[in-house]
Amino acid sequence: MLKQTIKNFVSRLFATPPSGPVRLSRDKHGIDRRLVSRHAVKVCEVLNQHGFDAYIVGGAVRDLIVGLEPKDFDVATNATPNQVRPLFRRARIIGRRFQLVHVVFGQEIIETSTFRAPSSGNQETDEHGRILRDNEFGTHEEDAARRDFTINALYYDPLKEEVIDFHQGVADLKNRVVRMIGDPETRYREDPVRMLRALRFQAKLGARIDPATEAPISRLAPLIEHVPASRLFDETLKLLTCGHAMDCLRELRRSGLMKSLIPLIDRIFEEEGGEAFVEIALSRTDARVRAGKPVSPSFLFAALLWRLVQKRWAALVAQGTQRNEALIRAADSVIEEQMDKLAIQRRHQADMREIWLMQARFERATVRSIWRMMEQPRFRAAVDFLQLRAEAREVDSVLAQWWMDLSDSNDERRSQMIDAWQAGHASARRTGSGTTRKRRRRRSASHGADGRSADGASPAPAVPDGV
């Protein structure tokens with residue numbers, strides 16, 4: 001019996017994995033240093049020259065290992081913010097909850113944070129356990145322990161081209177597993193945004209969430225309501241621009257997080273054609289993300305909320321409100337309702353309204369209004385939105401293409417197109433009822449017998465032949 005006990009103890013002793021991090025050389029992690037920001041490398045070099053440790057950390061390392069090009073780069077160091085700031089010409093200390101340094105190189109900002117200690121129970125929290133203030137500095141190992149997921153607890157030394165892995169994050173990346181470091185419920189309570197991040201990584205990496213990491217999400221989803229709206233906006237934008245936006249939305253709905261984040265989406269999906277419209281819009285967004293093109297938050301949220309605006313617009317018109325006034329009121333009410341949950345910045349709100357309001361003007365344009373519309377800053381975005389509506393069969397595709405051609409043309413060609421458009425309308429007025437019959441034949445299938453579209457709007461003006 002004693003021999004068996006000793007044998008079991010020895011086997012467990014030798015089965016225990018070695019302590020400390022795993023260090024992976026370039027031939028094992030496969031990071032292409034050419035994809036690493038030279039400014040992030042510069043920050044690490046300067047800190048090393050002054051006797052500090054410094055590593056590129058987190059999402060950038062994760063993306064580099066799986067072959068994606070990171071959008072931004074963060075650096076972690078054992079230097080405090082007050083030690084980092086004097087080392088760079090353009091650097092500023094920011095943050096209340098987590099104090100860190102923004103090192104600025106032209107248009108690129110390298111966010112530089114000091115190694116932090118894991119939660120000790122002494123941090124300032126709210127009644128739900130969310131950490132409000134946490135500036136307790138720690139060691140490199142402690143910093144890795146306080147990061148959320150194993151795939152984000154990876155450190156890359158660009159000088160040695162070495163990856164340091166404390167929590168088997170590289171193995172989880174290889175196996176496409178999203179796994180929380182520590183107790184998932186405690187970590188979600190500390191920062192409920194981690195639930196959104198888990199879903200985003202699942203979609204972005206084509207991964208699965210570890211069962212223990214996923215289990216508390218549905219139950220803790222209401223905690224999202226206590227996160228500042230500005231943080232929710234930023235995290236929502238990341239979800240919608242990760243290249244798999246529709247997958248993220250479906251996971252949000254399944255997990256119950258949608259009700260606390262974008263509650264209007266559930267109502268939009270319930271509308272006839274609502275989910276299809278959103279899917280068309282997000283597929284275009286995903287295509288731009290994968291092609292490395294910029295995505296406008298204004299256009300994205302305008303597309304997400306359009307069906308709700310459209311429904312309220314039609315209802316107000318049916319009540320006798322003038323069309324343009326009805327659209328203004330519908331747009332304002334939808335934005336105001338969504339603002340209770342998501343702090344869409346004012347500049348984005350203004351752009352969204354301009355995109356929406358121009359949709360009515362496209363359908364009832366005059367020569368004067370055409371020239372004025374082309375001077376608007378969001379004219380091209382509004383034309384792209386009209387194309388989106390045409391793809392969803394809301395408006396005549398011929399009309400949408402005419403406006404797109406106009407947008408893409410030079411001034412001389414624009415003048416020719418508008419002159420032809422004006423001549424066509426003058427001819428229509430002279431021919432009277434004959435043209436009316438022609439217009440009826442040209443209406444798209446989305447218009448009913450009363451000449452109104454499915455949303456109650458009047459049909460788009462016909463575009464002359466040859467334009």
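**A mixed sheet, a helix pair and two buried residues**

Strand S3 (residues 74-77) and strand S6 run parallel and are joined by 4 bridges. Within this pairing, Asp74 stands opposite Glu111 in S6. These features, like everything described below, belong to a predicted model.

The pair is part of a wider arrangement. An open sheet of 8 strands follows the order S1-S10-S9-S2-S3-S6-S5-S4, and its pairing is mixed. At the edges lie strand S1 (22-24) and S4, each of which pairs on one side only. On average, and ignoring direction, neighbouring strands of the sheet are turned by 30° against each other. A helix also joins the picture: helix H4 (residues 59-66) packs on the sheet and touches strand S2 (54-57), strand S9 (154-157) and strand S10 (162-165). The direction of H4 makes about 65° with that of S2.

Strand S5 (residues 100-105) is a good place to look more closely. In the strand order, S5 sits between S6 and S4. With strand S4 (residues 91-94), S5 pairs in the antiparallel sense over 4 bridges, and here Ala91 stands opposite Val103 in S5. With strand S6 (residues 108-114), S5 again runs antiparallel, this time over 5 bridges. Val103 takes part on this side too, standing opposite Ile110 in S6. S5 and S6 form a hairpin with 2 residues between them, and Gly106 in the turn has a positive phi of about 60°. Strand S5 is mostly covered, since 5 of its 6 residues are buried.

Attention now turns to a pair of helices. Two packed helices are described by the angle between their axes and the distance between the axes. Helix H21 (residues 379-391) and helix H22 (residues 397-408) pack at an angle of about 155°, and their axes are 9 Å apart. Because angles over 145 degrees count as roughly antiparallel, H21 is roughly antiparallel to H22. The crossing of these two helices is left-handed. On the H21 side, the contact is made by Phe379, Arg380, Val383, Asp384, Leu386, Gln387 and Ala390. H22 contributes Ser397, Leu399, Ala400, Gln401, Trp403, Met404, Ser407 and Asp408. Sorted by character, the residues of this contact divide into 8 nonpolar, 4 polar and 3 charged.

Two single residues complete the description. Leu240 is found in helix H12 (residues 229-240). Its relative accessibility is 1%, so Leu240 counts as buried, the cut-off being under 20%. Not counting residues up to four places away in sequence, Leu240 touches Ala245, Leu249, Thr285, Leu300, Phe301 and Leu304. Another residue to find in the structure is Pro297: it lies 57 residues from Leu240 along the chain, and the C-alpha atoms of the two are separated by 9.2 Å.

Arg312, in turn, is in helix H17 (residues 297-318). Is Arg312 buried or exposed? With a relative accessible area of 19%, Arg312 is buried, because the cut-off for buried is under 20%. Leaving aside neighbours within four places in sequence, Arg312 is in contact with Arg267, Ala330, Ser333, Val334 and Glu337.

Definitions and conventions: Residues are numbered from 1 along each chain as its sequence is written. This is a predicted model: local features need pLDDT of at least 70, side-chain atom pairs count only at pLDDT 80 or more; totals for chains, interfaces and linings use all residues. Side-chain values use heavy atoms; hydrogens and water are left out. Buried means under 20% relative accessible area, exposed over 50%, partly exposed in between (1.4 Å probe, protein chains only). Contact means heavy atoms within 4.5 Å. Two strands pair if DSSP finds at least two bridges between them. Axes are lines fitted to C-alpha atoms, for helices over the stretch in contact, and angles run from 0 to 180 degrees between N-to-C directions. Angles under 35 degrees count as roughly parallel, over 145 as roughly antiparallel, 65 to 115 as roughly perpendicular and the rest as oblique. A crossing is left-handed if the near helix is turned anticlockwise from the far one by less than a right angle, and right-handed if clockwise. Ala, Val, Leu, Ile, Met, Phe, Trp, Tyr, Cys and Pro count as nonpolar, Asp, Glu, Lys and Arg as charged, and the others, Gly among them, as polar.
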